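This report describes selected features of one protein chain for a reader who works with the coordinates directly. It moves from a single residue to charged pairs, helix packing and the surface.

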Amino acid sequence: MLKNKKFLDFIKSMKFRLMIIFVVMAIVPCHILRIGILSSYEARAVSIRESEILSQSKILANKIAKSDFLSGKDDNDVESQVSTLANLYDGRVILVDKNYMIVHDTYNIDERRTIISGQVVKTFAGKELINYDKKDHYIELTIPVSDVEDDNHSVLGVMLVSVSTNNIVLNKTYLSQVGLIIEMTVGILFTFLGVLAALKLVRPMKKLETGIDSVCHGYTDKVESMNTFTEVDLISEKLDLVLNKYKVIDDSRQEFVSNVSHELKTPLTSMKVLADSLNSMQDVPVGMYKEFMSDIANEIERENKIINDLLSLVKMDKSEGSLNITSLNINELLEQILKRLQPIADKQHVEVVLESFRPVTAEVDEVKITLAITNLVENAIKYNVRDDKEEASNDEQRWVHVSLNADHQYFYIKVEDNGIGIPEESLEHIYERFYRVDKSHSREIGGTGLGLAITRSSILMHRGAIKVHSVLNEGTTFDVRIPLNYIKV
Ligand code: ADP
């Protein structure tokens with residue numbers, strides 16, 4: 001099984017593929033070259049042989065025409081020339097007279113026989129015919145023996161010449177063998193070069209792998225710079241970016257855990273102090289007991305609120321798949337939220353006004369969007385109350401304006417208050433988890449520092465945006481923009 005995997009890994013490896021590419025790139029052109037050269041050699045050699053035989057046969061045919069050899073008269077000179085032609089090309093010459101009778105055959109087989117083939121008939125009509133039989137390796141040629149003294153060049157007979165091309169085929173076989181040896185030599189050479197090149201090309205990858213291994217084992221937290229191929233360098237740079245990103249996430253997680261522990265410990269410490277002081281006192285009056293117990297109950301409530309906010313935040317951190325999108329009437333949603341917050345507003349003497357510019361229906365997760373808007377409006381109410389002295393000197397009505405508008409793509413919610421405002425230097429931190437502008441003030445009010453982090457996560461999950469504008473002691477405005485139709489990416 002393991003062996004199989006190793007083999008498969010090798011087959012899939014870049015090294016192997018590069019080797020194959022090198023070998024194929026060397027052998028295929030060699031092979032094509034060999035086949036091309038061999039076939040053009042054969043065609044060329046046959047055509048040369050054909051024209052040689054044709055010209056020699058024509059000379060001989062003229063000689064025969066001038067003699068009376070075709071009429072059966074002995075002519076040693078012509079006969080020896082015919083034999084020479086046949087021997088020279090390892091072939092056979094047949095002479096046919098006007099009556100289609102074979103008057104001379106260098107093989108001495110068919111003399112005195114009649115031959116009426118299509119080829120002979122056509123030649124008597126004055127045509128020269130050449131045919132190459134590739135399978136049986138011979139060239140067949142038929143030419144007329146014409147009377148040169150006659151103006152009409154009347155055909156006296158036909159000369160059939162067939163010559164073997166065995167030597168051409170032998171040469172071709174020899175060339176093919178030489179070509180094959182060259183092809184194999186080139187193949188072996190290029191396989192060797194391919195292995196070398198593949199090893200060289202793959203080396204930076206191996207180096208990169210070693211670098212990543214070092215990071216995995218924890219020896220280093222940075223992939224070493226490769227300084228090899230641009231592509232490999234880019235990969236190592238990108239890997240470093242990813243590692244850095246995860247480091248930042250890890251650091252912020254650690255900070256978050258330490259913040260959570262700290263925030264959860266504070267109410268517990270207060271409770272312990274309260275309980276210890278009650279225990280250490282003797283004959284504690286009932287009034288004091290009640291007061292201390294109500295303080296302890298407040299701390300428990302606070303602890304509970306932190307835990308609830310943390311749970312909401314964890315839900316927001318989950319993937320977008322956890323959104324439960326439905327089509328919702330946002331006007332009604334805002335009315336419900338404000339109705340629920342009305343008692344807190346009444347208690348703080350803050351007037352809350354809702355202004356809807358148009359009916360809006362949007363695809364949102366009801367729970368998450370409710371949480372986001374509730375946090376914004378609750379903050380606007382909570383951070384509206386100034387300290388008593390200032391309050392006394394300032395008769396101005398405290399208010400929170402919530403407005404809803406939309407265009408064809410987004411709906412817009414604006415939450416505006418004329419409260420304490422946020423100092424400019426704090427504006428960029430307000431969405432951080434556990435960040436509070438004034439810790440003690442926020443704690444008095446009951447804040448956990450998680451509200452805006454939850455709000456922002458929820459809005460981002462809906463692919464929306466949130467912006468804040470605030471002037472200290474004048475008021476704060478939060479602008480939220482959310483797509484009417486949920487965009488799934
Ligand atoms: P908290 O639970 O403390 O309210 P948030 O994350 O909701 O935490 O808000 C972070 C801080 O931003 C608050 O502690 C407060 O100081 C400031 N803040 C938020 N909203 C307002 C507002 N409308 N007016 C003034 N300050 C605000």
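## Thr 374 and its surroundings

Thr 374 counts as buried, because its relative accessible area is 17%, and the cut-off for that class is under 20%. The model is a predicted one, and every value given here is computed from that predicted model. Thr 374 is placed in helix H9, which spans residues 366–382. Leaving aside residues up to four places away in sequence, Thr 374 touches Ile 337 and Leu 341.

## Charged pairs

How many salt bridges does a search of the whole structure find? The search returns 15 salt bridges, and three of the pairs, among them two that involve Arg 92, are set out below.

| Pair | Closest N to O separation |
|---|---|
| Asp 105 and Arg 92 | 2.7 Å |
| Asp 110 and Arg 92 | 2.8 Å |
| Lys 368 and Asp 365 | 3.6 Å |

In the salt bridge between the side chains of Asp 105 and Arg 92, Asp 105 belongs to strand S2 (residues 102–105) and Arg 92 to strand S1 (residues 91–97), so this pair ties together parts that are 13 residues apart in sequence. Asp 105 is buried, with a relative accessible area of 0%, and Arg 92 is also classed as buried, with a relative accessible area of 18%.

The side chain of Arg 92 also meets that of Asp 110 in a salt bridge. This second pair links distant parts of the chain, with Asp 110 in the loop between S2 and helix H4 (118–124), Arg 92 in strand S1, and the two positions 18 residues apart. Because its relative accessibility is 17%, Asp 110 counts as buried.

For the salt bridge formed by Lys 368 with Asp 365, both partners can be assigned to the buried class: Lys 368 has a relative accessible area of 10%, while Asp 365 stands at 4% relative accessibility. Elsewhere, salt bridges that share partners join Arg 92, Asp 105, Asp 110 and Arg 113 into one network.

## Packing of helices H1 and H2

Two packed helices are described by the angle between their axes together with the distance between those axes. For helix H1 (residues 2–12) and helix H2 (residues 14–66), the axes come within 5 Å and cross at roughly 50°. H1 and H2 are therefore oblique to each other, since this angle lies outside the ranges for roughly parallel, roughly antiparallel and roughly perpendicular. On the H1 side, Phe 10, Ile 11 and Lys 12 take part in the contact, where they meet Met 14, Phe 16, Arg 17 and Met 19 of H2.

## Surface and loop positions

Which residues make the nonpolar surface patch of about 470 Å²? Leu 189, Phe 190, Phe 192, Leu 193 and Leu 196 make this patch. Leu 196 is found in helix H5, which covers residues 166–217, and it counts as partly exposed because its relative accessibility is 46%.

Is Glu 425 buried or exposed? At 57% relative accessibility, Glu 425 counts as exposed, the threshold for that class being over 50%. Glu 425 has its place in the loop between strand S10 (410–417) and helix H11 (439–445). The C-alpha atom of Glu 425 is separated by 9.6 Å from that of Val 437, and the two residues are 12 residues apart along the chain.

Conventions: Residues are numbered from 1 along each chain as its sequence is written. This is a predicted model: local features need pLDDT of at least 70, side-chain atom pairs count only at pLDDT 80 or more; totals for chains, interfaces and linings use all residues. Side-chain values use heavy atoms; hydrogens and water are left out. Patches are made of residues with over 30% relative accessible area and no salt bridge: like charges are joined within 9 Å, nonpolar side chains (Val, Leu, Ile, Met, Phe, Trp, Tyr) within 5 Å. Accessible areas come from the Shrake-Rupley method with a 1.4 Å probe; for residues, only the protein chains shown count as cover. A salt bridge is a side-chain nitrogen of Lys or Arg within 4 Å of a carboxyl oxygen of Asp or Glu. Helices (H or I, at least four residues) and strands (E, at least two) are DSSP runs, numbered from the N terminus. Buried means under 20% relative accessible area, exposed over 50%, partly exposed in between (1.4 Å probe, protein chains only). Axes are lines fitted to C-alpha atoms, for helices over the stretch in contact, and angles run from 0 to 180 degrees between N-to-C directions. Angles under 35 degrees count as roughly parallel, over 145 as roughly antiparallel, 65 to 115 as roughly perpendicular and the rest as oblique. Contact means heavy atoms within 4.5 Å.
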